[in-house]
Protein chains: 2
Amino acid sequence: MRFADRMGRVGPSAIRDLLRHGADPELISFGGGYPDPALFPAGELHGVYAELLSGDPAALQYCPSDGLPELREHVAARMRRDGMDCTAGDVLIIQGAQQGLDLAGKLMLNPGDTVVTENPTFLGALIAFNPFEPAYAPVRTDEDGMDMADLERVLSRSPRAKLLYTVPDFQNPTGITMSTPRRRRLIELANEHDLLVLEDTPYRELRYDGDSLPTLKSLDTEGRVVHLGSFSKILAPGMRLGWAVADPEVLDRLALLKLAADTQCSTLNMAAAARYLDRHDIDAHITAARAGYRAKRDLILEVLQKTFPDTVAFTTPRGGLFTWLTFPAGFDTAEFMRDVAVPRARVAYVPGATFFPTTPEHNHARFNFSGMSDDDIVAGITRLSTYLNW
Amino acid sequence: MRFADRMGRVGPSAIRDLLRHGADPELISFGGGYPDPALFPAGELHGVYAELLSGDPAALQYCPSDGLPELREHVAARMRRDGMDCTAGDVLIIQGAQQGLDLAGKLMLNPGDTVVTENPTFLGALIAFNPFEPAYAPVRTDEDGMDMADLERVLSRSPRAKLLYTVPDFQNPTGITMSTPRRRRLIELANEHDLLVLEDTPYRELRYDGDSLPTLKSLDTEGRVVHLGSFSKILAPGMRLGWAVADPEVLDRLALLKLAADTQCSTLNMAAAARYLDRHDIDAHITAARAGYRAKRDLILEVLQKTFPDTVAFTTPRGGLFTWLTFPAGFDTAEFMRDVAVPRARVAYVPGATFFPTTPEHNHARFNFSGMSDDDIVAGITRLSTYLNW
């Protein structure tokens, strides 16, 4: 059959392969992006679902496509507390932040339009945008996030730039956070170049050191920022709930595209999230989860420091789920994983090349720590280090 | 901002408006497409969720993007019983059948490609396809479904026809079922014209009279049919679970687009559906639900027969959720709803014009009966009839 050409852009997926790997108990995999199931509020959710399912069957019925009103209210209140001017009407409930990427791509992109991203960037975003056949313009990043001089240069050469995608807090894959001055400058440049800014914040509440920085949405002066958030890392990914906050002109369009894509999110899961937020203190839960993840971050950095050769650099993320390793030039992390790490050390990670939208660099790797047991972190890193005796 | 042109095609949505109407207790609305919440197996689902949430937290975690393996197995077994050659590997779990429309549109359609549909057709399908900017080629229908001579004529004039969309069983909006000879002929024509056939079967198991007819997928000779099914009408729509069955070449592509669109369906809801199918007899549940819906269908047809003037025709659906009314030529059901039905009779329905992909006819209306109480069916139809005294 004559499939649409756009399908040529959707190649085999490293993420999908990794989700499959996740089921193999033989391997210690640092490859996932999973939160720790021991940190899910399973008891509280048990109570909430039991309550919802023993009463009125409304939670099993259809509901408004924009999302359950009580959940939109809760999200709006949390967004206001985080410095954004937001009411329930500015919130669209979506199937995880990932769906926000698909909807924003559909909203903005015609074939050949340019998406500006961090270099490297989140693989799931490339997978979401690819079917709309964009060109990518990656921007150099350092320890303060996107380099604004490079962004300016990239934009001056990209007349078809329509969408700027960023994970400003504890980025996936690098763990890096964008500084406040750069956030302000990014908004100025977006205004100047008439861009929609897609601010993806799945890890924002998992900060382990220092103070929270203002969201891009809170700095938005012309209604150009779509802020995406997610319950996956603060409640449970299996509920598939996230949200988009945007100005009315944009949100109305996203809401229609949401309706077109899948009618609505699960009424039951939305009702459960809202009821959980009514009955329980999610901030206390996040504080506890944060302590658990902080300990895992400290542990992986400590073991990397102790066991890996000095020629392998790694980032020190102030939050989130990942650290990003840089091996000496010429080292190929994909080859090493295939030939040594998986078959001999029985350790997996995500080779870094896949996160570069245009020109892959082969000497990086993304390591997750949040979904791993302490024992696996120590054993996996230590085992791998014994194959790095240069 | 310069939104993609495709957004021009996504207009205000009658479905979304109706989902909002659904919350207004003043009005008797025949406008929904809701199953009856009294027929949900709420007690059994309560037990299943309680069991899942008191054990291992895996149901709250991520899982493979194609769907939970045990649910794919259950669906495949049901598809085999329904005459399709199908294993778990041929099944993709999706966010209701609606997501199958979005994914198939993304798979097949470049701007200007032609989608062939019944005339009238399901509004949700038009909403799903519109962002891909197709042309529509609607095919005349009668009491046996799509007219095959007209389909042949339409295809001979549509060199860019790529996708044929049909609801063969108890169609939305008309309630009509395609005959077996026409199903066979449709497959021949799809082969001849190199089409992908999208067979949407949300109501298939809600048959009230006569024997089940073979699915298009069971008649498929060249792997051209994508069969879509849904748990929304046989279990509960609030779980947002459906499935696609397709040949490997097509299914692999749909699976990648699913991953790109929203990562996966809710692990918890998939686990609950699978556990429900392990523990309980869904066929006994469907038989009971069917009896309830059959009684509602009989009731609405009886009250229409008794109270409406003979100049208003209506279909006698052998299953599903809807009957389709045809008023005398010149009568405008949208105007009548706005000026009389809603403000005076306090009754709503879906004016038929919205279901025609290219040339609206204004003298039809879709009436749902499945989501209504018996009292509302009698009161709503009777009240409306008093304004039809020609």
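Two strands count as paired when DSSP finds at least two bridges between them. Take that rule into this predicted model and start in chain B. Strand β3 (residues 114–119) of chain B and strand β4 (residues 135–142) of chain B run parallel and are joined by six bridges. In that pairing, Asn119(B) stands opposite Arg140(B) in β4(B). Strand β3(B) is mostly covered, with six of its six residues buried.

Asn119(B) also takes part in a backbone feature. A cis peptide bond links Asn119(B) to Pro120(B), with omega about 0°. Pro120(B) sits in the loop between β3 and α5 of chain B. Chain A has a cis bond from Asn119(A) to Pro120(A), where omega is near 5°. Pro120(A) lies in the loop between β3 (114–119) and α5 (123–129) of chain A.

Now the whole sheet, viewed in chain A. Eight strands form an open, mixed sheet in the order β2-β9-β8-β7-β6-β3-β4-β5. Its edges are β2 (91–94) and β5 (145–146) of chain A, each pairing on one side only. Further in, β7 (residues 196–200) and β8 (residues 225–230) of chain A pair in the parallel sense over four bridges. There, Glu199(A) stands opposite His227(A) in β8(A). Helix α4 (residues 96–108) of chain A lies across β2, β6 (161–166), β7, β8 and β9 (242–245) of chain A. Its direction makes an angle of about 155° with β8(A).

Next, the loops around β8. Gly223(A) lies in the loop between α8 (216–219) and β8 of chain A. Gly223(A) has 15 other C-beta atoms within 10 Å, so it is partly exposed. Leaving out residues up to four places away in sequence, Gly223(A) touches Asp247(A), Glu249(A) and Val250(A). Pro173(A) is 50 residues from Gly223(A) along the chain, and their C-alpha atoms are separated by 28 Å.

On the other side of β8 in sequence, Arg240(A) is found in the loop between β8 and β9 of chain A. Arg240(A) has a positive phi of about 55°, although it is not a glycine. With 28 other C-beta atoms within 10 Å, Arg240(A) is buried. Chain B offers another non-glycine with positive phi: Glu133(B), at about 55°. Glu133(B) lies in the loop between α5 and β4 of chain B. Glu133(B) has 18 C-beta neighbours inside 10 Å and therefore counts as partly exposed.

How do the two chains fit together? A turn of 180° and a shift of 0.0 Å along the axis lay chain B on chain A with an RMSD of 0.0 Å. The copies are thus related as by a two-fold rotation axis. In chain B, Ala50(B) comes closest to that axis, its C-alpha at 3.1 Å.

Across the interface, 65 residues of chain B are in contact with 65 residues of chain A. On the chain B side, the elements giving two or more residues are α1 (14–21), α2 (42–54), α4, α5 (123–129), α9 (248–262) and α10 (267–279). That side divides into 38 nonpolar, 15 polar and 12 charged residues. Of the interface residues of chain B, 100% are also interface residues in chain A, so the copies meet through the same surface.

One helix pair shows the contact in detail. Helix α9 (residues 248–262) of chain A packs on helix α4 (residues 96–108) of chain B at about 105°, with axes 5 Å apart. That makes α9(A) roughly perpendicular to α4(B). Ala260(A), Ala261(A) and Asp262(A) meet Gly96(B), Gln98(B), Gln99(B) and Asp102(B). By class, this contact has two nonpolar, three polar and two charged residues.

Terms used: Residues are numbered from 1 along each chain as its sequence is written. Chains are lettered from A and ligands numbered from 1 in the order in which they are written. This is a predicted model: local features need pLDDT of at least 70, side-chain atom pairs count only at pLDDT 80 or more; totals for chains, interfaces and linings use all residues. Copies are superposed by least squares on the C-alpha atoms of residues with pLDDT of at least 70 in both. Two residues are in contact if their C-beta atoms, placed from the backbone, lie within 7 Å. Axes are lines fitted to C-alpha atoms, for helices over the stretch in contact, and angles run from 0 to 180 degrees between N-to-C directions. Angles under 35 degrees count as roughly parallel, over 145 as roughly antiparallel, 65 to 115 as roughly perpendicular and the rest as oblique. Ala, Val, Leu, Ile, Met, Phe, Trp, Tyr, Cys and Pro count as nonpolar, Asp, Glu, Lys and Arg as charged, and the others, Gly among them, as polar. A residue is buried if 20 or more other C-beta atoms lie within 10 Å of its own, exposed if 12 or fewer, and partly exposed in between; C-beta atoms are placed from the backbone.
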